[in-house]
Amino acid sequence: MSEKEFKYTSLIINNKGFVALKHLISSFDLNRDEYISIFEYADKFSMVKSKLNYLQGKVISLAFFEPSTRTAQSFHTAGLKLGADVIGFTSEESTSIAKGENLADTIRMLNNYSDCIIMRHKYDGAALFASEISNVPIINAGDGKHEHPTQAIIDLYTVYKIFNEVDGITFGLLGDLKYARTVNSLLRALTRFRPKKVFLISPSQLKARREILDNLNYPVIETENPYDVIQEIDVLYVTRIQKERFVDEVEYEKVKESYIVDMKLVNMMKKDSIILHPLPRVNEIDRRVDKTPHAKYFFQASLAVPVRMALLYKFLYGG
Amino acid sequence: MMNSSKQNELIVSKIKDGTVIDHIPAGRALSVLRILGIKGDEGYRIALVMNVESKKIGRKDIVKIEGREIDEKEASLITLIAPSATINIIRNYEVIEKRKMEVPKLIKGLIKCPNPQCITNNDIEALSKFVTISVKPLKLKCAYCETYITEEDVIRQIL
């Protein structure tokens, strides 16, 4: 594929010829066409083995105020594969933040060096705040317990690759739905599609937040027992239940077994259904499940680089 | 028995120039002063009437401020805690303007986000910003972390 053929096939371009996407803070920032377009570019980029040079001369900053392995590494790799230079940091300790510099000043500084800032931060809303200061695109790679929209794109791209569509699929989101930012972003990204229904399966203490549920446009059913609904689910999305979220440890001990995906639960799943997980996992999926055809979480993780290449391409190429 | 307006007249005389905020829900007059940033040592002549009868809302508070005309922005913030309030601007003992009262669509800086993990509670430059979701009942959403707050939360903070 030549660079010329590749250019602008389905990009949203404004009248100045610049890419219209400004920042990616929430899954709501993309419309259906943009999601599909990212999927299509991700398909194309997964086929290209050699290094491309679309982003030659561009500098991408990784601003990871909170530690990350796979998100930071996959963005780094995606940037390099598109020919960009990648700078930045992946922990606060090595930066001036450790000396007391505030987020706004750090963003102003990175603005001088880079064409795009990929940011992870421990505080909710930090990415939006940064975008109000930054004059280069901010891509939110996780802000506190708020959102992680690029993970949601990977999640839906995995579904799209396996089922050839996202519409008409029944999802089951299992585990900690209150504090998991990937859940918020996935629920919001699904508003751009037409899922058949979404089961939200969690202990009562960890139900999805009202603020998130209020803005969904598809049938949502909340339940505490995965066994009641497992036979209906096409995509089981698992998140970890953290012990520290429970005030009472006895309560945690009572519920934890119900939210572990083991062979007993998997044996009740529909034949073609799949299990996804944003990773890292601890013990919420039994290792024996890895060998079943339902386990798609490692495949899901393998799609991170092409999806993030597609994103960087859309944000930085043509601009 | 005297009617309520006569009772009010007994307590407070008319002001020459300034603002009269009437029909404040009973007990919230102090919060209104708080919103206006009035602590009492600014030198304004102020009359505070609390818990008097009102035909419109049962019981009400009234605030009269001599020498200070409140602006649109302040008026809209008052609606957050006193949606029934009416604001009259007085010049030379006459009402020259009734301020339009609407809950603002965006409230910057006045209210603190209750979420301790919100960026607005953790960065010196990140000022709080709330978007109005609904007026009756009052529901606001933090523009950054999206936490909801209600009228009770707002009053609790301002008092």
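**Exercise 1. Which residue of β4(A) does A:Met119 stand opposite?**

Solution. The model is a predicted one.

Step 1. Begin with the strands concerned. Strand β3 of chain A covers residues 116-121 and pairs with β4(A) in the parallel sense, over four bridges.

Step 2. Locate the partner. A:Met119 stands opposite A:Asn140 in β4(A).

Step 3. Add a further pair. A:His121 has A:Asp143 of β4(A) as its bridge partner.

Step 4. Consider the connection. Helix α5 of chain A, residues 126-133, forms a right-handed β-α-β unit together with β3(A) and β4(A).

**Exercise 2. Determine the strand order of the open sheet in chain A, its edge strands and the helix α4 that packs on it.**

Solution.

Step 1. Read off the order. The open sheet has four strands, arranged β2-β1-β3-β4 in chain A, and the pairing is parallel.

Step 2. Identify the edges. In chain A, β2 (85-89) and β4 (138-143) each pair on one side only, and these are the edge strands.

Step 3. Describe the turn between strands. With direction ignored, neighbouring strands of this sheet are turned by 15° against each other on average.

Step 4. Place the helix. Helix α4 of chain A (residues 103-113) packs on the sheet, where it touches β1 (59-64), β2 and β3 of chain A. The direction of α4 makes about 160° with that of β1(A).

**Exercise 3. Decide whether β4(A) is enclosed or open to its surroundings, and explain the result.**

Solution.

Step 1. Apply the cut-off. A residue is buried if 20 or more other C-beta atoms lie within 10 Å of its own.

Step 2. Draw the conclusion. Because six of the six residues of β4(A) are buried, this strand is largely enclosed by the rest of the structure.

**Exercise 4. Describe the contact between the two domains of chain A.**

Solution.

Step 1. Set the bounds. In the domain assignment of chain A, domain 1 comprises 3-147 + 302-316 and domain 2 comprises 150-300.

Step 2. State the separation. The C-alpha centres of domain 1 and domain 2 of chain A are separated by 26 Å.

Step 3. Count the participants. Domain 1 of chain A brings 24 residues to the contact, and domain 2 of chain A brings 20 residues.

Step 4. Assign the domain 1 side to elements. At least two residues each come from α2 (32-47), β4 and α13 (304-316) of chain A. The largest share, five residues, belongs to α2(A).

Step 5. Classify that side. The domain 1 residues that touch domain 2 in chain A divide into twelve nonpolar, seven polar and five charged.

**Exercise 5. Carry out the corresponding analysis for chain B, and then for its contact with chain A.**

Solution.

Step 1. Set the bounds. The assignment for chain B gives domain 1 (4-99) and domain 2 (106-158), with C-alpha centres 25 Å apart.

Step 2. Count the participants. Six residues of domain 1 of chain B meet five residues of domain 2 of chain B.

Step 3. Assign and classify the domain 1 side. Helices α2 (29-35) and α3 (72-81) of chain B each supply at least two of its residues. By class, this side of domain 1 of chain B has four nonpolar, one polar and one charged residues.

Step 4. Turn to the other chain. Chain B places 17 residues in contact with 13 residues of chain A. The chain B side divides into eight nonpolar, five polar and four charged residues.

**Exercise 6. Is B:Pro116 buried or exposed?**

Solution.

Step 1. Locate the residue. B:Pro116 lies in the loop of chain B between β6 (106-108) and β7 (129-134).

Step 2. Compare with the cut-off. A residue is exposed if 12 or fewer other C-beta atoms lie within 10 Å of its own. B:Pro116 has 9 within that distance and is therefore exposed.

Terms used
Residues numbered from 1 in each chain as written. Chains lettered and ligands numbered in written order. Predicted model: local features only at pLDDT ≥ 70, side-chain atom pairs only at ≥ 80, totals over all residues. Pairing = 2+ DSSP bridges. Axes fitted to C-alpha atoms, helices over the stretch in contact; angles between N-to-C directions. Contact = placed C-beta atoms within 7 Å. Domains from an automatic or database assignment. Nonpolar A, V, L, I, M, F, W, Y, C, P; charged D, E, K, R; others polar. Right-handed = clockwise from strand over helix to strand, strands pointing away.
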